[in-house]
Amino acid sequence: MSGRPLAGQRVIVSAGPTFEDIDPVRFIGNRSSGKMGFAVAAAAVELGAQVVLVAGPVSLPTPAGVQRIDVRSAAQMHAAVFAALPADVYIGAAAVADFTPRAVAGSKIKKRPGDDGLVLDLVRTRDILAELAADARRPALVVGFAAETDDVARYARGKLAAKRLDLIAANRVGVAGSGFESDDNALTVFDRDGGEHALGPAPKAQLAHELLELIARRPRAA
Ligand code: C5P
């Protein structure tokens with residue numbers, strides 16, 4: 001394969017966590033560092049793609065050659081990803097919040113004497129990946145990530161089918177040094193044809209390169 005198998009292709013990558021505001025000073029977030037998604041964006045540029053990186057709140061430098069769009073919430077990420085269409089490939093590496101407060105309080109929520117708890121009213125966010133895969137402007141390849149702790153193959157394959165993806169990359173948790181904030185990771189990539197590819201354990205940059213090589217080799221629907 002040539003060194004630039006993604007030349008001429010437009011790739012959208014989402015990365016990082018989302019923060020869902022509760023009031024002007026508080027939010028619900030998660031521990032995603034964005035490292036894997038940023039490495040994926042950098043690897044796509046190395047393989048010749050034109051890359052848009054939709055990044056949640058992380059403190060990482062923008063990879064060379066990448067067009068970066070910073071967002072905060074799941075709703076903003078949804079809007080930014082759809083606004084970046086059309087694309088040949090979408091890679092959803094972000095840890096998008098599944099739930100968000102029904103309403104953001106306009107001023108800081110106070111604790112009052114006698115309060116022994118606080119109930120937050122949360123609603124489901126929109127599933128960016130599933131909506132994109134079902135959209136009329138669907139990129140030819142739609143790739144998801146799955147963070148599973150047990151029964152990885154079953155859950156990952158379930159998501160691959162339910163969200164109508166081409167590929168899903170599942171973190172192999174329990175492998176030394178892999179995971180959210182680590183520089184190394186290990187992935188099992190499942191494809192819609194029943195194939196399975198074990199990548200790593202390796203530094204996230206190398207792993208991202210191997211994942212992008214797999215993506216570049218996938219046949220595309222016309
Ligand atoms: O269903 P689950 O959240 O485990 O699926 C993970 C995959 O779905 C990731 O690729 C993530 O970016 C994507 N996702 C999304 N929008 C959501 C939730 C998850 O795009 N609201």
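Modeller: Buried means under 20% relative accessible area, exposed means over 50%, and partly exposed is whatever falls in between. Bear in mind that this is a predicted model.

Colleague: Okay, is Asp127 buried, exposed or partly exposed?

Modeller: Asp127 has a relative accessible area of 28%. The cut-offs are under 20% for buried and over 50% for exposed. Since 28% falls between them, Asp127 is partly exposed.

Colleague: Which side chain does Asp127 meet in a salt bridge?

Modeller: The N to O distance for this pair is 2.7 Å, and a salt bridge needs a Lys or Arg nitrogen within 4 Å of the carboxyl oxygen. The partner of Asp127 is Lys163.

Colleague: And how many residues apart in sequence are the parts that Lys163 and Asp127 tie together?

Modeller: Lys163 is in the loop between helix 4 (152-162) and strand 10. Asp127 sits in the loop between strand 8 (122-124) and helix 3 (128-133). The salt bridge therefore ties together parts whose separation in sequence is 36 residues.

Colleague: There's another pair, Asp166 and Arg138. Which loop holds Arg138?

Modeller: The side chains of Asp166 and Arg138 meet in a salt bridge at 3.1 Å, N to O. Asp166 is in the loop between helix 4 and strand 10, so the pair ties together parts 28 residues apart in sequence. Arg138 itself is in the loop between helix 3 and strand 9.

Colleague: Is Asp166 buried or exposed?

Modeller: Its partner Arg138 has 24% relative accessibility and counts as partly exposed. Asp166 has a relative accessible area of 5%, and the cut-off is under 20%. That makes Asp166 buried.

Colleague: Which residue is linked with Arg138 and Asp166 in a network of salt bridges?

Modeller: We've already got Asp166 and Arg138 meeting in a salt bridge. The network takes in one further residue, Arg192.

Colleague: Let's go inside. Which residues have the most contacts inside the largest nonpolar core?

Modeller: That core has 37 residues. Phe145 is one of the answers, and it touches Met36, Ile168, Ala169 and Leu187, among others, leaving out residues up to four places away in sequence. The full list is Val40, Ile91, Phe145, Leu212 and Ile215.

Colleague: Two of those carry numbers in the 200s. Which residues of helix 5 are buried?

Modeller: Helix 5 covers residues 204-217. Its buried residues pack against helix 1 (35-46) and several strands, including strand 9 (141-146) and strand 11 (184-191). They are Lys204, Leu207, Ala208, Leu211, Leu212, Leu214, Ile215 and Ala216.

Colleague: How far apart are the end C-alpha atoms of helix 5?

Modeller: The helix has 14 residues, and at 1.5 Å a residue it should span 20 Å. The end-to-end value agrees with that, because the C-alpha atoms at its ends are separated by 20 Å.

Colleague: Is Pro63 buried or exposed?

Modeller: Pro63 is in the loop between strand 4 (50-55) and strand 5 (66-70). Even in a loop, Pro63 touches Phe38, Ala42 and Leu53, not counting residues up to four places away in sequence. Its relative accessible area is 14%, and with the cut-off at under 20%, Pro63 is buried.

Colleague: What about the outside: which residues form a nonpolar patch on the surface?

Modeller: Together they have about 370 Å² of accessible area. One of them lies in strand 7 (residues 99-101) and is partly exposed at 43%. The patch is Phe99, Leu118, Leu120 and Leu122.

Colleague: Now backbone oddities. Which residue does a cis peptide bond join to Leu85?

Modeller: Most peptide bonds are trans. Here omega is about 5 degrees, and there is a cis bond with about that omega between Gly200 and Pro201 as well. In the case of Leu85, the partner is in the loop between helix 2 (74-83) and strand 6, and its name is Pro86.

Colleague: Last one: what is the phi of Arg164?

Modeller: Most residues other than glycine have a negative phi. Asp151 goes the other way, with phi near 50 degrees. Arg164, an exposed residue at 52% relative accessibility in the loop between helix 4 and strand 10, also has a positive phi, of about 55 degrees.

Notes. Residues numbered from 1 in each chain as written. Predicted model: local features only at pLDDT ≥ 70, side-chain atom pairs only at ≥ 80, totals over all residues. Heavy atoms only, no water. Core = buried A, V, L, I, M, F, W, Y, C linked by side-chain atoms within 4.5 Å. Buried < 20%, exposed > 50% of the residue type's maximum accessible area, 1.4 Å probe, protein only. Contact = heavy atoms within 4.5 Å. Patch = residues over 30% accessible without salt bridge, like charges linked within 9 Å, V, L, I, M, F, W, Y side chains within 5 Å. Areas by Shrake-Rupley, 256 points an atom, 1.4 Å probe, with all protein chains shown as cover. Helix = DSSP H or I, 4+ residues; strand = E, 2+ residues; numbered from the N terminus. Expected span 1.5 Å × (residues − 1).
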